[in-house]
Amino acid sequence: MSAYRLYTVVPRLLEMIDQLTNWYVRFNRKRLKGENGSEDTVYALNTLFEVLLTMCRLMAPFTPFLTENMYQTLKTHLPENYFEGDSRSLHFVSFPDVREEYFNPDIERAMSRMQAVIELGRIIRERNNVALKMPLLELVVVHSDPQYLEDVRGLSEYITEQLNLRNLVLTSDEDTYGIKYRAEADFKKLGTKLRKDMPRVKKALPDVPSSEIKNVQVTGSLLVDGITLGADDINIVRYFDKLSLADKSKQYDEATDKSVVVLLDTQIHEELYHEGLAREVINRVQRLRKKSGLQALDDVVYYCQITEDPEDILATVLKSQAEFLRQTLKQDILSMAEKKAEAFAEEVQEINESKFVLAFVRA
């Protein structure tokens with residue numbers, strides 16, 4: 001019992017649950033629903049099934065009743081004699097063995113870098129109050145390491161989908177995108193090393209040119225007012241300088257995790273604004289479906305009637321984004337005048353300044 005320490009295990013299990021729910025399931029919804037073909041769906045579902053079963057076995061000592069309930073559901077899909085011995089209960093099943101063949105450092109590294117880019121993009125959106133439903137034109141990922149950019153490129157479709165982007169730019173061209181360098185130092189620590197020279201370094205460090213600080217990564221040292229500092233004496237920080245941006249028309253906002261710099265063009269373009277409103281319409285349809293207790297396969301026909309629409313924005317969106325709405329909802333949204341049967345669900349919806357009545361009729 002001396003080695004029984006929950007606090008060393010539980011945080012890692014919670015992290016695994018987060019990775020599964022907020023990353024794997026969220027990223028693979030289309031695959032799990034069969035939109036990429038039946039074969040791909042089987043792969044995705046089998047992966048999810050094995051992870052859930054393994055998680056139940058891992059978490060059984062910590063959450064015995066919850067995992068037992070999950071196991072009894074999963075067990076119905078297992079082949080007979082899948083486990084050796086008595087498998088009536090999860091707590092009769094052996095603890096899982098480590099599967100070394102499942103570990104792939106390259107995939108883990110690429111996934112981690114993709115997650116970092118997405119998290120930084122979300123931070124910028126939240127900072128600028130731009131909802132994820134609103135499409136944005138461009139995200140720029142700036143990093144000097146070609147392997148980092150290649151890892152992100154391999155998972156670029158997930159990034160553009162999760163951040164709702166039109167373009168993803170991967171570059172090491174820091175000058176074009178206004179990336180500068182500055183040096184930060186722990187002056188309390190340096191004080192014992194530099195003693196009387198400390199005030200000189202503290203005064204001169206903010207004025208050291210960006211190019212010289214960048215070069216520290218190669219030379220391993222920095223000359224500050226005639227005093228040499230080692231790479232371990234300073235912390236090199238990359239930042240975005242709007243005044244140094246080559247294309248001044250871009251409205252970039254930046255975020256960084258001290259490894260990669262991400263620039264997001266936060267400007268709302270008219271065409272993308274209309275698509276964002278179309279996504280709001282889709283959201284209202286999905287919400288009313290859920291409120292009405294409909295399942296994914298329940299076949300209904302959608303009708304709407306605009307009641308308030310300043311400057312005809314909603315009418316324009318329904319017309320210009322008709323194909324996008326059709327592809328997402330798998331059908332057209334018809335005019336209320338075409339409705340020939342009584343609606344079983346009807347509700348007034350509001351998007352910005354516009355209002356419309358949304359009705360569902362069984363097909």
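Helices and strands here are DSSP runs, numbered from the N terminus. With that in hand, welcome to a few close-up views of this predicted model.

**View 1. A nonpolar patch on the surface includes Phe103.** Phe103 sits in the loop between helix H4 (64-75) and H5. Its partners in the patch are Val98 and Tyr102, and together the three residues have about 360 Å² of accessible area. Is Phe103 buried or exposed? Phe103 counts as exposed because its relative accessibility is 52%, and the cut-off for exposed is over 50%.

**View 2. Four residues form a negative patch on the surface.** Look for Glu15, Asp18, Glu119 and Glu126. Which helices supply at least two residues each? They are helix H1 (6-27) and helix H5 (105-127). Asp18 belongs to helix H1. With 32% relative accessibility, Asp18 counts as partly exposed.

**View 3. The largest nonpolar core brings together 26 residues.** Met114, Val117, Ile118, Leu139, Val141, Ile159 and Leu165 are the members with the most contacts inside this core. Two or more core residues come from each of these elements: H1, H5, strand S1 (136-142), helix H6 (146-154), strand S2 (165-171) and strand S8 (261-265). Which element gives the most to the core? That is H5, with seven residues. As background, nonpolar side chains in soluble globular proteins tend to be buried together.

**View 4. Helix H5 links two of these views.** H5 supplies at least two residues of the negative patch, and H5 also gives seven residues to the largest nonpolar core.

Notes
Residues are numbered from 1 along each chain as its sequence is written. This is a predicted model: local features need pLDDT of at least 70, side-chain atom pairs count only at pLDDT 80 or more; totals for chains, interfaces and linings use all residues. Side-chain values use heavy atoms; hydrogens and water are left out. Patches are made of residues with over 30% relative accessible area and no salt bridge: like charges are joined within 9 Å, nonpolar side chains (Val, Leu, Ile, Met, Phe, Trp, Tyr) within 5 Å. Accessible areas come from the Shrake-Rupley method with a 1.4 Å probe; for residues, only the protein chains shown count as cover. A salt bridge is a side-chain nitrogen of Lys or Arg within 4 Å of a carboxyl oxygen of Asp or Glu. Lys and Arg count as positive and Asp and Glu as negative; His and the chain ends are not counted. The place of a charge is taken as NZ of Lys, CZ of Arg, CG of Asp or CD of Glu. Helices (H or I, at least four residues) and strands (E, at least two) are DSSP runs, numbered from the N terminus. Buried means under 20% relative accessible area, exposed over 50%, partly exposed in between (1.4 Å probe, protein chains only). A nonpolar core is a set of buried Ala, Val, Leu, Ile, Met, Phe, Trp, Tyr and Cys residues joined through side-chain atoms within 4.5 Å.
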